[in-house]
Amino acid sequence: MQISRKLSLSTMGCGTWAWGNQLLWGYSENMDDELQAVFNLCVSNGVTLFDTGDSYGTGRLNGRSELLLGKFSQEYQGLNQENICIATKLAAYPWRWTRQSMIKACQSSAKRLGKNVDLVQMHWSTANYAPWQEKGLLNGLADLYEQGLVKGVGLSNYGPTRLKIVHQRFAERGVPISTLQVQYSLLSTYPVTQLGLKDVCDELGIKLIAYSPLALGILTGKYSETGTFPKGIRGLLFRQLLPGVRSLLASLKEIAQSRNKTMSQVAINWCICKGTIPIPGAKSLAQAQENIGALGWKLDAAEIAELDKAAGSTNKVMVQNIFQTK
């Protein structure tokens with residue numbers, strides 16, 4: 001049975017990497033009620049795209065993000081309910097290399113979600129380290145679309161060269177690529193400024209999704225060189241990056257104050273102005289509310305130019321995902 005192919009992509013989405021991740025984000029199960037409230041608040045405000053992955057969740061909590069999204073989406077009754085789009089990324093684990101392994105992985109995700117995956121995405125390309133592995137995985141991804149098990153197919157962490165190759169292969173089978181997601185923010189302009197991905201996506205009719213639009217929280221302005229740092233790996237990273245991004249944070253702050261917005265809202269809005277769909281994460285109602293405040297207005301050309309200039313002259317940038325291909 002063919003399912004409806006209508007894929008609803010909102011102006012901004014919500015990333016759910018933290019929903020189940022203890023290591024980096026300090027998740028615990030007593031957060032679930034608030035996460036449900038976050039989900040409801042997002043959907044009722046038109047933020048209906050939720051990005052997850054079958055590798056999200058630490059240890060025994062693997063798949064937790066999908067389980068929570070399944071529960072929340074089934075229990076939600078209200079505005080924009082029909083537009084909810086759950087996008088999951090299937091990991092290119094070393095033991096996955098056949099097309100059947102991708103179909104099975106997607107069926108497992110669907111089981112956790114309690115419904116078919118709306119948008120299935122390849123979490124990363126294996127081209128950098130095991131090019132032989134990718135063919136089967138991509139074939140499986142296209143099979144999912146052909147068999148009507150998903151509404152759309154997307155890729156993640158692909159550069160323009162690989163993207164064009166996969167696009168060509170999929171086009172031969174009549175399978176469109178709906179989305180491509182990459183790490184993109186004022187501290188990670190590389191995919192667009194150096195790889196030229198936005199132009200390629202526009203040419204191929206693919207929507208560019210910007211993950212980590214707040215650079216793991218550095219662009220919120222909540223952390224400073226003299227203040228407290230987040231725990232663990234993020235703290236180590238922030239210590240390295242903050243001294244080199246002073247001028248960018250100063251520009252962000254100035255624009256935020258003149259606009260009566262927060263630095264986060266300006267950073268997210270910049271991504272929207274660049275024609276991408278940002279997917280900032282939210283673990284609390286306050287964060288979700290703040291993210292929603294990035295919608296319904298636009299930075300002007302002068303403000304965008306100022307931020308572009310500040311981003312281009314920073315001494316430090318975010319570390320690129322090791323799986324990002326050229």
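# Packing in a predicted model

Q: Is Phe39 buried or exposed, and what is its relative accessible area?
A: The structure is a predicted model. A residue counts as buried when its relative accessible area is under 20%. Phe39 meets that cut-off and is buried, with a relative accessible area of 0%.

Q: How is the aromatic pair of Phe39 and Phe72 classed?
A: The structure holds 7 aromatic pairs. Planes under 30 degrees apart count as stacked, over 60 as edge-to-face, and the rest as tilted. Phe39 and Phe72 lie 6.0 Å centre to centre with 55° between the planes, so the pair falls between these limits. The pair of Phe39 and Phe72 is tilted.

Q: Which helices hold Phe39 and Phe72, the residues of the pair that links distant parts of the chain?
A: Phe72, like Phe39, is buried, with a relative accessible area of 1%. The two rings pair at 6.0 Å centre to centre. They are 33 residues apart, with Phe39 in helix H2 (residues 32-44) and Phe72 in helix H3 (residues 64-75).

Q: Which residues form one aromatic cluster?
A: Phe39 and Phe72 both belong to the cluster. In full, its members are Trp19, Phe39, Phe50, Phe72 and Tyr76.

Q: Which residues touch the most other members of the largest nonpolar core?
A: In soluble globular proteins, nonpolar side chains tend to be buried together. The largest nonpolar core here has 92 residues. H11 gives the largest share of this core, 7 residues. The residues that touch the most other members are Trp19, Leu155, Leu180 and Leu219.

Q: How many residues does the second, separate core have?
A: This core is separate from the largest one, and its members include Cys85, Ala87, Leu119 and Ile209. Its number of residues is 8.

Q: What is the orientation of H10 to H11?
A: Two packed helices are described by the angle between their axes and the distance between the axes. For helix H10 (residues 246-259) and helix H11 (residues 263-273), the axes are 8 Å apart and the angle is about 100°. Angles of 65 to 115 degrees count as roughly perpendicular. Therefore H10 to H11 is roughly perpendicular.

Q: How many nonpolar residues are in the contact of H10 with H11?
A: H10 brings Leu249, Leu252, Lys253, Ile255 and Ala256, and H11 brings Met263, Val266 and Ala267. By class, the contact has no polar and 1 charged residues. The nonpolar residues number 7.

Q: What is the orientation of H11 to H13?
A: The axes of H11 and helix H13 (residues 301-312) come within 11 Å and cross at roughly 105°. Val266, Trp270 and Cys273 in H11 meet Ile304, Leu307 and Asp308 in H13. The crossing angle is within 65 to 115 degrees, so H11 to H13 is roughly perpendicular.

Q: Which residues does Ser251 touch, not counting residues up to four places away in sequence?
A: Ser251 is found in helix H10. Its relative accessible area is 11%, so Ser251 is buried. Leaving out residues up to four places away in sequence, Ser251 touches Glu306, Leu307 and Ala310.

Q: What is the phi of Leu216?
A: Most residues other than glycine have a negative phi, and most peptide bonds are trans. Leu216 lies in the loop between E7 and H9 and is buried, with a relative accessible area of 18%. Ser212, in the loop between strand E7 (207-211) and helix H9 (232-241), has a positive phi near 55°. The phi of Leu216 is positive too, near 60°.

Definitions and conventions:
Residues are numbered from 1 along each chain as its sequence is written. This is a predicted model: local features need pLDDT of at least 70, side-chain atom pairs count only at pLDDT 80 or more; totals for chains, interfaces and linings use all residues. Side-chain values use heavy atoms; hydrogens and water are left out. Axes are lines fitted to C-alpha atoms, for helices over the stretch in contact, and angles run from 0 to 180 degrees between N-to-C directions. Helices (H or I, at least four residues) and strands (E, at least two) are DSSP runs, numbered from the N terminus. Angles under 35 degrees count as roughly parallel, over 145 as roughly antiparallel, 65 to 115 as roughly perpendicular and the rest as oblique. Contact means heavy atoms within 4.5 Å. Ala, Val, Leu, Ile, Met, Phe, Trp, Tyr, Cys and Pro count as nonpolar, Asp, Glu, Lys and Arg as charged, and the others, Gly among them, as polar. Rings of Phe, Tyr and Trp (its six-membered ring) pair if their centres lie within 6.5 Å; planes under 30 degrees apart count as stacked, over 60 as edge-to-face and the rest as tilted. Buried means under 20% relative accessible area, exposed over 50%, partly exposed in between (1.4 Å probe, protein chains only). A nonpolar core is a set of buried Ala, Val, Leu, Ile, Met, Phe, Trp, Tyr and Cys residues joined through side-chain atoms within 4.5 Å.
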